[in-house]
Amino acid sequence: MAMAQPTPAPAAPVTLVAGEVKKVDKEAGKMTIKHGALANLDMPPMTMVFRVKDPAMLEKVKAGDKINFAAERANGAITVIQLDIAK
């Protein structure tokens with residue numbers, strides 16, 4: 001008799017934070033974002049450089065774009081994991 005596998009818990013919802021792209025560095029795979037508080041990282045509003053999970057994200061934005069994004073610590077670096085252009 002096969003035992004039922006437990007259903008994995010759903011991932012916690014990602015909270016998006018408003019920001020403004022200040023610089024895009026495609027060669028380095030990074031972007032500079034002026035952002036609001038990142039509660040999940042216990043970080044106050046500031047301007048800082050982020051790595052991106054997917055280099056294609058860097059193709060979607062340019063300096064001056066308003067965005068909503070989520071970031072988390074990945075491999076020792078704070079990394080943008082989700083990015084949407086603000087409407």
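Asn 75 lies in the loop between β4 and β5. The model is predicted, and this briefing covers two loop residues with positive phi, the nonpolar core, a buried strand residue, the salt bridges and the largest pocket. A search of the whole structure finds four salt bridges, the largest nonpolar core has 19 residues, and the largest pocket has a volume of about 170 Å³.

**Loop residues with positive phi**

- Asn 75 has a phi near 55 degrees, a positive value in a residue other than glycine.
- With a relative accessibility of 85%, Asn 75 is exposed, because exposed residues are those over 50%.
- Asp 42 is in the loop between β2 and β3, and its phi is near 50 degrees, again positive in a residue other than glycine.
- Asp 42 also counts as exposed, at 72% relative accessibility.
- For context, most residues other than glycine have a negative phi.

**Nonpolar core**

- Among the 19 residues of the largest nonpolar core, those that touch the most other members are Met 31, Phe 50, Phe 69, Val 80 and Leu 83.
- At least two residues of this core come from each of β1 (17-25), β2 (30-35), β3 (46-52), α1 (57-60), β4 and β5 (77-85).
- Once neighbours within four places in sequence are left aside, the contacts of Phe 69 include Phe 50, Val 80 and Leu 83.
- Phe 69 is also in contact with a run of residues from Thr 15 through Leu 16, Val 17 and Ala 18 to Gly 19.
- The other contacts of Phe 69 are Ile 33, His 35, Leu 38 and Gln 82.

**Thr 32**

- Thr 32 is located in strand β2.
- The relative accessible area of Thr 32 is 16%, so this residue is buried, the limit being under 20%.
- Beyond its neighbours within four places in sequence, Thr 32 is in contact with Glu 20, Val 21, Lys 22 and Lys 23.
- Thr 32 is likewise in contact with Thr 47, Met 48 and Val 49.

**Salt bridges**

- Side chains of opposite charge can pair when their charged atoms come close.
- One of the salt bridges joins the side chains of Glu 20 and Lys 66, at 3.1 Å from N to O.
- That pair links distant parts of the chain, with Glu 20 in strand β1 and Lys 66 in strand β4, 46 residues apart.
- Glu 20 also forms a salt bridge with Lys 22, at 3.6 Å from N to O.
- Both lysines are partly exposed: Lys 22 has a relative accessibility of 38%, and Lys 66 has a relative accessible area of 47%.
- Another salt bridge connects the side chains of Lys 62 and Asp 65, with an N to O distance of 3.0 Å.
- In this pair Lys 62 is exposed, at 54% relative accessibility, whereas Asp 65 is buried, at 14%.
- Through shared partners, salt bridges join Glu 20, Lys 22 and Lys 66 into one network.

**Largest pocket**

- The volume of the largest pocket is about 170 Å³.
- The lining has 11 residues, and the closest to the pocket centre are Val 14, Thr 15, Asn 40, Ala 70 and Ala 71.
- Strand β4 (residues 66-74) gives the most to this lining, with three residues.
- By type, the lining residues are eight nonpolar, two polar and one charged.
- Thr 15, one of the residues closest to the pocket centre, is in contact with the core residue Phe 69.

Key
Residues are numbered from 1 along each chain as its sequence is written. This is a predicted model: local features need pLDDT of at least 70, side-chain atom pairs count only at pLDDT 80 or more; totals for chains, interfaces and linings use all residues. Side-chain values use heavy atoms; hydrogens and water are left out. On a 1 Å grid over the protein atoms alone, a cavity is a set of points where a 1.4 Å probe fits but cannot get out, and a pocket is an open set with protein on both sides within 12 Å along at least five of seven lines; lining residues have an atom within 4 Å of a point. Grid points are joined across faces, edges and corners, and a volume is the space filled by probe spheres set on the points. Helices (H or I, at least four residues) and strands (E, at least two) are DSSP runs, numbered from the N terminus. Ala, Val, Leu, Ile, Met, Phe, Trp, Tyr, Cys and Pro count as nonpolar, Asp, Glu, Lys and Arg as charged, and the others, Gly among them, as polar. A nonpolar core is a set of buried Ala, Val, Leu, Ile, Met, Phe, Trp, Tyr and Cys residues joined through side-chain atoms within 4.5 Å. Buried means under 20% relative accessible area, exposed over 50%, partly exposed in between (1.4 Å probe, protein chains only). Contact means heavy atoms within 4.5 Å.
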